[in-house]
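Subject: A structure for you to look at

Hi there,

Here is the structure I promised to pass on to you. Have a look through it first, and then read my notes on its salt bridges below.

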Amino acid sequence: MTAKSELRMQMQERRAELARSLPDFAARTAAFAGALAFPPHATIAGYWPIRGEADPRALMAALAARGHTLALPRIGAKDAALSFRRWNEGDALIDNHHAIPEPRADADVVTPDILLVPLLAFDASGHRLGYGGGYYDRTLEALDARAIGIAYAGQEVDALPHEAHDRRLDAVVTEKGMRVFARPPV
């Protein structure tokens with residue numbers, strides 16, 4: 001088992017504990033919608049939380065109330081980037097082959113300006129640890145979009161192992177607020 005695999009297992013357990021201890025997480029993060037200086041009418045892709053992921057739905061609702069278009073991802077081919085479909089609260093969702101709720105295939109395709117990204121862990125440099133499938137790394141590589149992690153503050157670790165293909169977050173929103181990460185010089 002690799003160090004990343006072991007860390008993923010540890011962080012899934014930690015995240016599950018945090019989810020149980022913070023039942024008001026979604027409402028607390030929604031309060032920071034005004035602090036997110038997104039361009040007017042930006043398209044924001046969130047996600048439907050599973051397995052204890054930090055819940056972005058109240059934040060998404062607050063952003064929609066501010067005039068932003070919402071979208072959710074659809075998983076296509078295993079080695080492809082995610083695609084995004086317009087989504088509004090109340091729209092029907094279907095479970096994909098990973099049992100993740102996603103919009104129907106006939107929903108309007110959109111290109112997000114901002115991605116709200118789930119994660120297992122993050123560090124002070126903006127690196128994130130995901131499930132290892134690479135979907136968000138491929139998507140961030142393909143899109144010119146900002147990546148905002150949605151996480152419990154307790155998911156922060158000192159440092160994460162990372163590789164050249166791993167894409168960093170621009171910021172993270174937790175129940176304690178938002179933190180913007182500095183971009184490294186090019």
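**What I found: salt bridges**

E163 and K4 form a salt bridge through their side chains, with 3.3 Å from N to O. Please keep in mind that this is a predicted model. Where do the two partners sit? K4 belongs to helix α1 (residues 3–21), while E163 is in the loop between β9 (146–150) and β10 (171–174), so the pair ties together parts that are 159 residues apart in sequence. K4 is buried, at a relative accessible area of 14%, whereas E163 is partly exposed, at 44%.

That pair also has company: salt bridges with shared partners link K4, E163 and D166 into one network.

Next, take a look at R86 and D108, whose side chains meet in a salt bridge at 3.8 Å, N to O. R86 lies in strand β3 (residues 83–86) and D108 in the loop between β5 (101–103) and β6 (114–117), so this salt bridge ties together parts that are 22 residues apart in sequence. Both ends count as partly exposed: R86 has a relative accessible area of 35%, and D108 has 48%.

One more pair to find is R104 with D106, where the side chains form a salt bridge at 2.9 Å, N to O. Is each partner buried, partly exposed or exposed? R104 is partly exposed, with 42% relative accessibility, and D106 is exposed, with 55%.

How many salt bridges are there in the whole structure? The search found nine, including the ones between E163 and K4, R86 and D108, and R104 and D106.

Happy exploring!

How values were computed: Residues numbered from 1 in each chain as written. Predicted model: local features only at pLDDT ≥ 70, side-chain atom pairs only at ≥ 80, totals over all residues. Heavy atoms only, no water. Salt bridge = Lys/Arg side-chain N within 4 Å of Asp/Glu carboxyl O. Helix = DSSP H or I, 4+ residues; strand = E, 2+ residues; numbered from the N terminus. Buried < 20%, exposed > 50% of the residue type's maximum accessible area, 1.4 Å probe, protein only.
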